[in-house]
Amino acid sequence: MGVVDLLLHGLAFVLPALCVALCTTLASRMGRAGGMRWWSEWLLTSLAGSLALLGTLWVMGRDGSIAGYAALVACCGTLSWLLSLRRR
């Protein structure tokens with residue numbers, strides 16, 4: 001496996017976390033302003049989602065499981081909610 005293949009596999013592993021984090025960040029900002037900048041909230045949420053995916057990969061031994069994606073959504077949603085409480 002070359003360097004390009006390794007980068008593409010890593011991006012494909014993290015891409016669901018980036019997309020879910022972007023959706024939860026934008027949805028939590030509808031109708032409200034203030035708090036953190038959107039990109040810093042997005043990076044923090046995507047990092048937490050990536051760690052959730054990495055944790056399920058470590059526990060289950062494979063990626064792409066429904067439990068992993070459920071942990072991703074729960075982690076991103078919970079963090080977005082906690083950051084919105086801080087915004088008030």
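A residue counts as buried when its relative accessible area is under 20%, as exposed when that area is over 50%, and as partly exposed in between, using a 1.4 Å probe and protein chains only. The model described here is a predicted one, in which local features need pLDDT of at least 70 and side-chain atom pairs count only at pLDDT 80 or more, while totals for chains, interfaces and linings use all residues. Residues are numbered from 1 along each chain as its sequence is written, and side-chain values use heavy atoms, with hydrogens and water left out.

The secondary structure of the protein chain comes to three helices and zero strands, where helices (H or I, at least four residues) and strands (E, at least two) are DSSP runs numbered from the N terminus. Read from the N terminus on, the elements follow the order α-α-α. Along the principal axes, the C-alpha atoms fill a box of roughly 45 × 25 × 15 Å, and of the 88 residues of the chain, 28% count as buried. Among contacts (heavy atoms within 4.5 Å) between residues at least 6 apart in sequence, 63% join residues at least 24 apart.

Helix α2 covers residues 38–60, and because its expected span is 1.5 Å times one less than its number of residues, its 23 residues should span 33 Å, which agrees with the 32 Å between its end C-alpha atoms. Several residues of α2 are buried, among them Thr-45, Ala-48, Ala-52 and Leu-53. Just after the helix, Gly-61 takes a positive phi of about 85°.

Glu-41 of α2 also takes part in a salt bridge, which is defined as a side-chain nitrogen of Lys or Arg within 4 Å of a carboxyl oxygen of Asp or Glu. By this rule the count comes to one salt bridge. Its partners are Arg-29 and Glu-41, whose closest N and O atoms are 3.0 Å apart. The pair links distant parts of the chain, since Arg-29 lies in the loop between α1 (3–28) and α2 while Glu-41 sits in helix α2, twelve residues apart. In general, side chains of opposite charge can pair when their charged atoms come close.

The table gives the accessibility of the two partners.

| Residue | Relative accessibility |
|---|---|
| Arg-29 | 17%, buried |
| Glu-41 | 1%, buried |

Turning to the surface, the protein chain exposes about 5900 Å², of which carbon and sulfur atoms supply 74%, with accessible areas coming from the Shrake-Rupley method with a 1.4 Å probe.
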